[in-house]
Amino acid sequence: MASMSAYLDDFGKITVWINRTFYGGKTDWFCITGDHGYCTDLIITGVEDHGDQIRYDLTCPILDFGASYMVREQHGLSVPLIWRMIVNTKQFNDRFTYEGNDLGSTYHQNYTEFALWAPTAVSVTLRVRVSRKLSAYPMVRGDRGVWRIRVSGDLKHATYTYMIERNGVIAESADPYAYSSTGNGRESAVIDLDEIRAIRDYPVSGSPFETDAVIYEANVRDMTSNPFTGTKTNGLFSSLSETGTAYRDMPTGLSYLVSLGVTHIQLMPVLDFSTVDEFHPQKTYNWGYDPMHYLVPEGSYSSDPDDPYARVRELRTLITTMHREGLRVNLDVVFNHVYDVATSPFEAILPYYYFRYNERGYLSNGTFCGNDFASEKPMVRMYIIGVIRALMHTYGVDGFRFDLMGILDVDTMNEIRSAAKRIKGSAMIYGEGWDMPTTLDGARKASILNQSKMPGIGHFNDYFRDVVKGKTSDDQKYDRGYVTGDLGQSFNMLSALSANVLSTPYFKRFDSPEQSINALETHDNNTVWDKMHFCCGNEDRNTRMKRQKMLIASTLCAQGVPFIHAGMEYCGTKNDNSNSYNSGDEINQMNWQRAVLNSEVVEYTKKCIAMRRKYAAFRLRDAKEIEESLHLSVSDGGVVFYDIEKKDPQTSTELMRVIINPTFDERYYHFEPGWHIVLDRNGNESYSPTSAVVVPPLTVIVCAR
Ligand code: CA
């Protein structure tokens, strides 16, 4: 550790730390030297003994941004002044927040503009590489700390980095505003966006409301990494763009997704992450919640990681192909933390600005990943919104799932939603609204607790998950839910089915049904099938299959937004692995043999999805309608009755009745005439009228009148 460090923590305030090993940590005076060479005395306003170190609080003159300074003490030791917490003051924000949308590189045929926001930098040099030839251009500091240079010539295939001199050292960094990079994110790339947008999009018609969506979570690599997929390549953006593949009679890859009848594919992270070597992707596996470059597609999914255009073109082709096949695409974005602060471009460009710090000056760690991205700071907020807009404009993205959304702040999430809705009226914005221990004030966190401050934004509903399936963490995997056999949850099941928008005696959690993302299984934790190894371990396979089907039917009958994780529809297993983020292809990949083996459940899932999409009663749009239309009750020792009164001219029905029987007994019900079965034990609809309904054990029956 250096003997002395000096930090500019506010306008006119410096904090110095001196090690006791250096003259006992004692000094009688300090001075500061600027570029002009004159020394100005600093006034000591406080001295504190911290054991190994002595802390000095100093007042200083107002210093110039863009200049470098040295702080010297009595014995001649001199260190560069580090611009630290001054960048988190209101005065800094007022002076330097830059609202232009031209940061990054902007390609024109005869020249390219580069702009970098770096208010504390003393100098910035652009290093440009064009067909292996490297050139350096000093950038010019302008208004609000933005450094600019126009480089003439056709830079269509140029790559670049910035050399940023600040705090006494020069850091080399990629450009966080860049659209692409070379392999493993070494250098940013200039991209001619016109060429990318020329790849034809086939926007899906219609403007669905959030509750009309059926979201299916898939991972680009896992969808085609199984050799039985039958795609020409495996694990790439382009592999998932192939259609017409099958294993035996089961469609695979993209054709499988299409065959399910879902509306939205939620892709697990497709933007650049750190831990997979893009040149040797087979050596490592990772889901990608370790973000590096936010606007750059991940190179291990590219056919050529070192060709910056390949990954951009291939992601655009994947999304536009999905659109052509009738699927909308939501991206899973990880704005809550970066993989490594020390090597992050943000920290290289403007240290101490982009992350949250606690009052002792350490990085806040509410994510448990080492750092929390400071979404509430004006330039961080604008950055995130800019990335969201750019992803929609460049790739035609239809919605976003925010990883650990509760780390972000309410205002940023609301602005993201407005920005996204302006581009696409049907854009979906939702995420994990967990309340995380970050340093942000509780009232500002984008968590479930603040759902009323974020109308229209969805949250993964862990009440739904825990009540229907049972709790999910490793130490609670023996816990049962209503459908897995805890009939004590039957009343809670009613709240779960109504998107938690009903008040007492029900459990109210959301103002509106689109805020409830109903997921029983996601990429995290055990699959539903594996959880039943524990909580229903005494039951035979056939019984658990019935429960699996009930779990699927419950998800698709409930008010709110249904969400299915890839493989749930074929009783997917990860061999009881509850955290498979780096467990490799074999554990994570789609298992087509298993899909064929359990095709009965796959077919049942398709029928449940089709039913939901056919009958508007399952897709109510506001709490008032749910309150007026739902009639809920529990009878016969735990059988749930869920009626939805909804005049539906499309299907000529006015009342839907869902009967959920998780008991081991068969039930008989007699209704007034005029009913027909919409979903029987096999998922089939039968149009012959009936007034006698048989509900077998462990079955969901839906009928309509
Ligand atoms: Ca990467």
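Select Arg 132 to begin: this residue sits in the loop between S10 and strand S11 (133–138). The model in the viewer is a predicted one. Arg 132 has a phi near 70°, a positive value in a residue other than glycine. Most residues other than glycine have a negative phi, and most peptide bonds are trans. With a relative accessible area of 79%, Arg 132 is exposed.

**Back along the chain to Ala 118**

Select Ala 118 next, in the loop between strand S9 (111–117) and strand S10 (123–130). Is Ala 118 buried or exposed? Its relative accessibility is 0%, and Ala 118 therefore counts as buried. Now add Gly 145 to the selection: 27 residues separate Ala 118 and Gly 145 along the chain, while their C-alpha atoms are 5.5 Å apart.

**The domains**

Colour the chain by its domain assignment, which gives domain 1 (4–83), domain 2 (93–173) and domain 3 (627–704). A distance drawn between the C-alpha centres of domain 2 and domain 3 should read 64 Å.

**Asp 35 and the disulfide**

Move to Asp 35, placed in the loop between strand S3 (30–33) and strand S4 (39–49). Asp 35 is exposed, at a relative accessible area of 55%. Its C-alpha atom is 27 Å from that of Gly 25, and the two residues are 10 apart along the chain.

Then display the side chains of Cys 31 and Cys 39, which are joined by a disulfide with an S to S distance of 2.1 Å. The count for the structure comes to one disulfide. What is the handedness of the disulfide of Cys 31 and Cys 39? The torsion about the S-S bond is about 65°, so the disulfide is right-handed. Cys 31 is buried, with a relative accessible area of 2%, whereas Cys 39 is partly exposed, at 39%.

Cys 536, by contrast, is in no disulfide; the nearest cysteine sulfur belongs to Cys 535 and is 3.7 Å away. Cys 536 is buried, with a relative accessible area of 0%. Cys 557 is likewise in no disulfide, and its nearest cysteine sulfur, that of Cys 608, is 6.6 Å away. A pair counts as a disulfide when the sulfur atoms are within 2.5 Å. Cys 557 is buried as well, with a relative accessible area of 1%.

**Helix H5**

Select residues 253–260, helix H5, where six of the eight residues are buried. The buried residues are Gly 253, Leu 254, Ser 255, Tyr 256, Leu 257 and Leu 260. Just after H5, Gly 261 takes a positive phi of about 85°.

**The calcium site**

Centre the view on the calcium ion. Which protein residues are its donors? They are Asp 272 (OD), Phe 273 (O), Glu 278 (OE) and Glu 298 (OE), at 2.2 to 2.4 Å from the ion. Along the chain, these donors follow the spacing D-F-x4-E-x19-E. Asp 272 and Glu 298 both lie in the loop between strand S21 (264–267) and helix H6 (308–324), so the pair ties together parts that are 26 residues apart in sequence. Both Asp 272 and Glu 298 are buried.

**The largest cavity**

Keep Asp 272 selected, for this calcium donor is also one of the residues that line the largest cavity. To show the full lining, select Pro 269, Val 270, Leu 271, Asp 272, Gly 288, Pro 291, His 293, Tyr 294, Asp 332, Val 333 and Val 334. How many of the lining residues are nonpolar, polar and charged? The lining divides into seven nonpolar, two polar and two charged residues. The volume of the largest cavity is about 70 Å³, and the structure holds four cavities of 30 Å³ or more.

**Two further backbone features**

Select Thr 504 and Pro 505, and inspect the peptide bond from Thr 504 to Pro 505: this bond is cis, with omega near 10°. Pro 505 is located in the loop between helix H11 (490–497) and strand S26 (516–519).

Finish at Asp 576, in the loop between strand S27 (561–565) and helix H14 (585–588). Phi of Asp 576 is near 70°, a positive value in a residue other than glycine. Asp 576 is partly exposed, with a relative accessible area of 33%.

Key: Residues numbered from 1 in each chain as written. Predicted model: local features only at pLDDT ≥ 70, side-chain atom pairs only at ≥ 80, totals over all residues. Heavy atoms only, no water. 1 Å grid on protein atoms, 1.4 Å probe; cavity = no way out; pocket = protein on both sides within 12 Å on 5 of 7 lines; lining within 4 Å. Points joined across faces, edges and corners; volume = space filled by probe spheres on them. Nonpolar A, V, L, I, M, F, W, Y, C, P; charged D, E, K, R; others polar. Donors = N, O, S within 2.8 Å, 3.2 Å for Na, K, Ca; no water. Helix = DSSP H or I, 4+ residues; strand = E, 2+ residues; numbered from the N terminus. Buried < 20%, exposed > 50% of the residue type's maximum accessible area, 1.4 Å probe, protein only. Domains from an automatic or database assignment.
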